Amino acid sequence: MVKASRRRPAAASASAPFARVFIEAVSPELDGGRHPVKRLVGEELAVGADVFKDGHDLLAARICYRPSGETEWRYAPLTYDFNDDRWSGAFLLHRIGRWTYTIEAWTDVFGTWRSGLEKKHTAGLDVASELLEGAMLVEQAARCAKGDARVALDRAAARLRGEDGDGALPSSSVDPPSDAPAVRGARTNVDAHRADVTARVAAALAPELLGLVEQYLPPHGLTRYDHELEVIVDRERAGVAAWYEMFPRSQGTRPGQHATFREAERRLEEIAALGFDVVYLPPIHPIGRTHRKGPNNSLQCGPDDPGSPWAIGNEHGGHTAVEPALGTLTDFEDFVARAGELGMEVALDYALQCSPDHPWVTEHPAWFFIRPDGTIKYAENPPKKYEDIYPLDFWCDDFDALWTACRDVLTFWIARGVRIFRVDNPHTKPLAFWEWIIAEVQREHPDVIFFAEAFTRPKPMKALAKVGFTQSYTYFTWRNDGAELREYLTELTTTEMAEYFRGNFFVNTPDILHEYLQTGGRPAFQVRLLLAATMNPLYGIYSGYELCEREPLHAGSEEYLHSEKYEVRVRDWHAPGNLNAEIATINRLRREHRVLQGRTNLTFHPTENAHVLFYSRDDGAHRDDLLVVVNLDPHRPQETMVTAPLAALGLGADAPFVVEDLLSGERYTWRGPRNYVRLDPAVRVGHVLRVVRA
């Protein structure tokens, strides 16, 4: 027979006490608190948790939170929902930067006492002892209060004790005759006693007393969640923006002639008129001469070929210099200033690689990969070779100096007005480096936005977002049929990804001309524009999209023929068939209708034709509900019945209602959930329908 141990369990020792209250399943919480979630300034962070303990005592819980730089905690209450047995609350994120939050819970001894007192008194039971217990609790609170609050609590404690009146009951247990004077006096005393008890109970249950006690009574069995969690709060443009990518060298008017910042600046007004918020420039630095690439990525380069901007560095400098053919650093600063005057920002490419002519190659050869023969290894992705680019060795022996130099590049451009960086191929650099450098920069400049150009596997893309990237490219370019779009958007908006991953739906890039655009003609460009701009608050186009440029390098390639990456392109931005009017309209709608600026308010609805996609964007209050219907087939008309979410829209099952197409101004009367839609891509590819309310 094994004897039961009488030793005190280790968990009950002074260093590891038994838990009095359990806090579990906290949300939002990412990877056990290892990584922060993301929100935009002005939003509330909704927090939830399972909070419980043994027995029947009532509990209380609160959110503890503070912005970066503050040492004192702020508090927001958590309330209990009997329907799902969960606690929830929220707090306002009123400034950008990192915030810390956690949860505290404790036994609500006053609330438990208050509830028991009310039940007993309602049942007609003696509550004399309960009133004395309550007085003791109020006195504890009074000892922690000062001034008027202490005076009020002291008075309340005295009232609960009955010290402000005679509440004694008669001591005789002999029942005298009912008509005797003593009986009438006893009844009078009993009635007075009952009235006094009722008044004391009313005082005990007064909301004013509850508020004071909750404020000053020390929490009993206070338990804090074992993780302090973080939320990164970004400015609005980090989560809501329309991007326009342009090569400044191609903004001139004379074919083949390299343009300058001054010429590119003249196009800014036109881009602003289209409704864009961000103008993104590929690298603007001096371009290497060694192994400079020619047209269409050829190895043969003529004397006037400008080369690839991503081959950074020559005798004029590296990452903190400007390509002389574009102008001067002052010209660039003027370009940034002009964009700001027009309500736009300039995003700069941050490409951590060097041409063989970059100053770092001679000044810091140890920062590169050295082959056994002593030469520096160039970039390659067999069978492709990039002899014009040297990758950096981020784990070289001198990595401290390399990382610092990379950070200094960012601070150099920040000092010149750049607050957004599109980062080239971040998945080929260490995650530890990105986590360090983003935190370093945002510590001093919390408004800086980092955009990850990471077309790679899902897990590395997610990891980059977790370690600090503000937003990321996505797989949107390769999701073209209804099932693919529903599956992908559902993942982005309803899973844990919504807490930290902000996708930017670029419809094309200098590297990606999808087959859908190559073969679908102008309607294909309209479809993808409409989808990107109405499904997601972040989207972008690469210049030439508005002209429906779609000629590939060769069949099966996603590279453009005469790619702007290797040569200067001059365009007529108002050529027949352009999409300027459509782009301006859609960008205007995105600004006017806040529902299009949300990230998780997207819901798909049934259609009876796989080529037609139907979804809604709602604000939760029926002030500005939008229904979007898109024909995904750019070649043929498609018709179908769509099923409107009447209950979610607050509409009756059979009552007629009006929807207005914000793209055309036309109005349609619908009735019931199933309604007919026909979309001919030669006329229109979709509807953006506003539910018209009285």
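These exercises work through aromatic contacts in a predicted model.

**Exercise 1.** Find how many aromatic pairs the model holds, then classify the pair F261 and F335.

*Solution.*
1. The count comes to 44 aromatic pairs.
2. Take F261 and F335: their ring centres are 5.9 Å apart. Pairing needs centres within 6.5 Å, so the two rings pair.
3. Their planes meet at 50°. Stacked needs under 30 degrees and edge-to-face over 60, so this pair is tilted.

**Exercise 2.** Place F261 and F335 in the fold, and decide whether each is buried or exposed.

*Solution.*
1. F261 belongs to helix α6, residues 261–273. F335 belongs to helix α7, residues 329–341.
2. The pair therefore ties together parts that are 74 residues apart in sequence.
3. F261 has 0% relative accessibility, so it counts as buried.
4. F335 also has a relative accessible area of 0% and is buried.

**Exercise 3.** Classify the pair W395 and F399, then place both residues in a wider network.

*Solution.*
1. The ring centres of W395 and F399 lie 5.4 Å apart.
2. Their planes stand at 65°, so the pair is edge-to-face.
3. F399 has 26% relative accessibility, so it counts as partly exposed.
4. Ring pairs link W395 and F399 into a cluster. Its members include Y350, F394, W403, F421 and W434.

**Exercise 4.** Which rings have R62 and R528 over them?

*Solution.*
1. R62 lies over the face of Y75, 3.9 Å from the ring centre.
2. R528 places its charged end over the ring of F476, at 3.9 Å from the centre.

Definitions and conventions:
Residues numbered from 1 in each chain as written. Predicted model: local features only at pLDDT ≥ 70, side-chain atom pairs only at ≥ 80, totals over all residues. Heavy atoms only, no water. Phe/Tyr/Trp six-rings, centres within 6.5 Å; stacked < 30°, edge-to-face > 60°. Helix = DSSP H or I, 4+ residues; strand = E, 2+ residues; numbered from the N terminus. Buried < 20%, exposed > 50% of the residue type's maximum accessible area, 1.4 Å probe, protein only. Lys NZ or Arg CZ within 6 Å of the ring centre and 35° of its normal.
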